[in-house]
Amino acid sequence: MQIATALGLVTVAGGCAQAVPGKNPANVGLKDLYDFNAKGKLTLLHMCDLHAHIKPLYWREPSTLISAPNLVGTPGFLCGEAFSKHYGLEPSSLDAYFDTHTDFEALANKFGKMGGVAHMKTLVNEIRRQRGEENVLFLDSGDTWQGTGVALKTGGEAIVKVQNYLGIEVMVGHWEFTYGKERVKELAEMMDAKFISQNVVGNDPFADEYEELIFEPYTIEERGGAKIGIIGQSFPFTSTANPKEFTEGWSFGLRLDTLQEYVDELRDEHKVDCIVVLSHDGFSVDQEVARQVNGIDFILSGHTHDPSPQPIVINDTVIMIAGSHGKYIGRLDIDIEKGKVKDYEYKLIPIASNIIPADPEGEKLVNELYAPFDAELNEVLGKTKGLLYKRDTFHSTFDQLINDAIMDEMKSEISFTPGYRWGTTVLSGGDILMDNVYEMCGITYPNVYTFELNGAKIASLLEDIADNVFNANPLYQQGGDMSRLGGMTYDIKVSGKAGKRISNILVGGKALEPERIYSVSSWGGNLQNAGSNLQTEKIRPVYDVTRDYIKRQKVVNVSNESNVRILDYDCGCPVKGKMSC
Amino acid sequence: MQRRSFIKGFGVVLAASAVVPVTMMAEEAKKAPVQSPNKMNIDSAIKAITGGKALVPSSKIEFKAPEIAENGAVVPVKITVESPMTKDDYVKAIHILAKKNGNVRCTDIFLTPANGTAHFATRIKLGETQDILVIAQMSDGTFLSATQNVKVTIGGCG
């Protein structure tokens, strides 16, 4: 839809758009991507959740995106046909390819890979040329330093070099913190951009940082003749979603009371013309933030990986989010007059690597950064028969492959793989590279743990995870998808009460026995802390376990049939107000 | 920048409040488990505080706790009760109760007008997701209350 908007081919009414016939969006060219209905002098460029994907990739959006009934079909919980309908996407268009899973493989063959920093840079250069260097500000909502082998092996440094190349000026964080406190500070020093956060505060009473802000809470930048106050909001649930050891002594949280104080301070004391919150709260949580905090002009959101072709407006705050994996740059032009935002224009620009040419300098940089690891990362481990993808609320093929690998090696009855929203996509019949395995599980705490849990505990853990994903109140959601299970199936009533959603749990086809002890493997979470009899001799990084399994299999053939039965929804992408499509 | 300003005043007030925290719990812990008030269910614990008088939910209590606990073992809570704190009108006590803890009574804080303000912050331990109840015992014999749900989760989503 965003392309059509810029071409003036669309009439917008009530938040939904109708495409007007006249031009086949499948024939979109570079000019269409560059085209923009410019407003005012100031331009903000926005990127979120790159997850260290400095090379172009395939990335299929979710085919199932279920939430509590009050949220279903609203921005942040739209996928497939429901998404296309809401935003008025033409079937088989470039936007449909980027924004939804519909006809993914056919369109992948037609349009090619997505993202890549060298392609992104060409677009950024063009916008800087159009608007003037002194009028453009490039902001990054975080989850940038982690997600690929090259990031992991350089402790994030490769990605900081890329951010400097791209010209990122301000950022916040989440997975950044999984490099540990000291490394975060080192990388922040290496980076040209400012790392800001109003919601990271020392909580170790014996440290100098006790009750002090760890980062500057905001920055004031002057561009396009205006003063812009940018407040940083890092991921509020970092210390529960990721291991505490990385951020011991730092406390996170939403901290909406201090956020309001900084908004007021910027407005009243610093007389800024425009207030931006650069956020990693998640799209759904930020809609709630906009309801509770007054005076924010724009929230540039991140975390939940939603491509949102149109901004949403809540309580006079305009919220946008720019997808993930380097697939998009959000361009926001702002017209400021007499110290106030008068008008704005937004476009979510797909980084179509076959349309936007690569900047040669960027290609050179990416090659240099990969060179030391090429031998390992380019190794072909095997082939896949079907599509391997990550995103879905309950089940995905690449996660199933990882669970298969873990159960095969660990001989456990049940395997848990985390419902992160980052990863990769490998097309049917394609080679699986070691690089792809790191794209799925390249984390700083990669160990697979095998331990024992009784049936009752397994059921209650599953309920606990379900409540983090499906809570009707966005403030209690952590923004991930359900953990993926190997060896186990279950039924779920998403709209059920906390602790009462899950039923009919089967392990190896037999009903889960509350008193029985099961052998369980898990990685990327905290489940091992709830278990007993940890088998220390079996502990190994998940990327090694997965690599060895694919090499043994040579060709993998993973079923796309979900192991979770949804009781209260008829389909994966329900529309607003319904339990069906 | 204003790194210190956001907790400005907070530490001062805390120091000025002659609080009597948790000593009562320590005493109770020594007693036989069956008779211990620690083992009371939430209704009897409330009754032990109010003597059966009704709780009046009140916006005069400003109660801050995280929506999701970063660590269930140390959940920070802050309570401020609006009161002139004069001889005739003051907050006599603030009670914090965790409805699903083994020991529902977390903290009892006793105040006098000399405290100047009724403000208290501490950390409580929560065994699971539950409602936290704050009761303010006023000098006129009424009992005000405020409640908030705090989620305790093993987490793991990314």
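**Loops, charges and salt bridges in a predicted two-chain model**

A:His305 sits in the loop that runs between strand 12 and strand 13 (312-314) of chain A. The model here is a predicted one. The phi angle of A:His305 comes out near 65°, which is a positive value in a residue other than glycine. This loop residue is also tucked away: A:His305 has a relative accessible area of 2%, so it counts as buried.

A second positive phi turns up at A:Asn533, near 50°, again in a residue other than glycine. A:Asn533 belongs to the loop between strand 25 (517-522) and strand 26 (540-541) of chain A. Is this residue buried or exposed? With a relative accessible area of 54%, A:Asn533 is exposed, whereas A:His305 is buried.

Another loop residue worth a look is A:Asp297, placed between helix 12 (283-292) and strand 12 (298-301) of chain A. Its relative accessible area is 14%, and because buried means under 20%, A:Asp297 goes into the buried class. As for what the side chain of A:Asp297 does there, it reaches the backbone nitrogen of A:Ile275 at 2.8 Å.

Turning to the charged surface, A:Glu261, A:Asp264, A:Asp268 and A:Glu269 together make up a negative patch. One of these, A:Glu269, lies in the loop between helix 11 (256-268) and strand 11 (274-279) of chain A. A:Glu269 has a relative accessibility of 60%, and that is why it counts as exposed. Helix 11 of chain A also carries A:Glu265. That residue is another story as far as cover goes: A:Glu265 has a relative accessible area of 14% and is therefore buried. From A:Glu265 to A:Lys181 the separation is 84 residues in sequence and 28 Å in space, taken C-alpha to C-alpha.

Salt bridges come next. The count over all chains comes to 40. One of them pairs A:Glu376 with A:Lys153, where the closest N and O atoms are 2.8 Å apart. This pair ties together distant parts of the chain, as A:Glu376 is in helix 14 (residues 374-377) of chain A and A:Lys153 is in helix 7 (residues 149-153) of chain A, 223 residues apart. How much cover do the two partners have? A:Glu376, at 29% relative accessibility, counts as partly exposed. A:Lys153 is at 33% relative accessibility, so this partner is partly exposed too.

A salt bridge also forms between the side chains of A:Asp399 and A:Lys390, at 3.0 Å from N to O. Here both A:Asp399 and A:Lys390 are buried. Then there is A:Asp481, which makes a salt bridge with A:Arg391, the closest N and O atoms lying 3.1 Å apart. Once more the pair links distant parts of the chain, 90 residues apart: A:Asp481 is in the loop between helix 17 (455-470) and strand 21 (484-486) of chain A, and A:Arg391 is in the loop between strand 17 (380-384) and helix 15 (397-410) of chain A. Which class of cover do these loop residues fall into? A:Asp481 is at 1% relative accessibility, so it counts as buried. A:Arg391 has a relative accessible area of 2% and is therefore buried as well. Elsewhere, salt bridges with shared partners join A:Arg128, A:Glu133, A:Glu169, A:Lys194, A:Glu221 and A:Arg223 into one network.

Cover can also be looked at one element at a time. How many residues of helix 16 (residues 434-441) of chain A are buried? Eight of its eight residues are, so by the buried cut-off of under 20% relative accessible area the helix is mostly covered. The buried residues are A:Met434, A:Asp435, A:Asn436, A:Val437, A:Tyr438, A:Glu439, A:Met440 and A:Cys441.

Finally, chain B. It has three helices and eight strands. Read from the N terminus on, the elements of chain B run α-α-α-β-β-β-β-β-β-β-β. Chain B holds 158 residues, of which 45% count as buried.

Notes. Residues are numbered from 1 along each chain as its sequence is written. Chains are lettered from A and ligands numbered from 1 in the order in which they are written. This is a predicted model: local features need pLDDT of at least 70, side-chain atom pairs count only at pLDDT 80 or more; totals for chains, interfaces and linings use all residues. Side-chain values use heavy atoms; hydrogens and water are left out. Patches are made of residues with over 30% relative accessible area and no salt bridge: like charges are joined within 9 Å, nonpolar side chains (Val, Leu, Ile, Met, Phe, Trp, Tyr) within 5 Å. Accessible areas come from the Shrake-Rupley method with a 1.4 Å probe; for residues, only the protein chains shown count as cover. A salt bridge is a side-chain nitrogen of Lys or Arg within 4 Å of a carboxyl oxygen of Asp or Glu. Lys and Arg count as positive and Asp and Glu as negative; His and the chain ends are not counted. The place of a charge is taken as NZ of Lys, CZ of Arg, CG of Asp or CD of Glu. Helices (H or I, at least four residues) and strands (E, at least two) are DSSP runs, numbered from the N terminus. Buried means under 20% relative accessible area, exposed over 50%, partly exposed in between (1.4 Å probe, protein chains only). A polar contact is a pair of N or O atoms within 3.5 Å; within protein, one must be able to donate a hydrogen and the other to accept it, and residues adjacent in sequence count only if both atoms are side-chain atoms.
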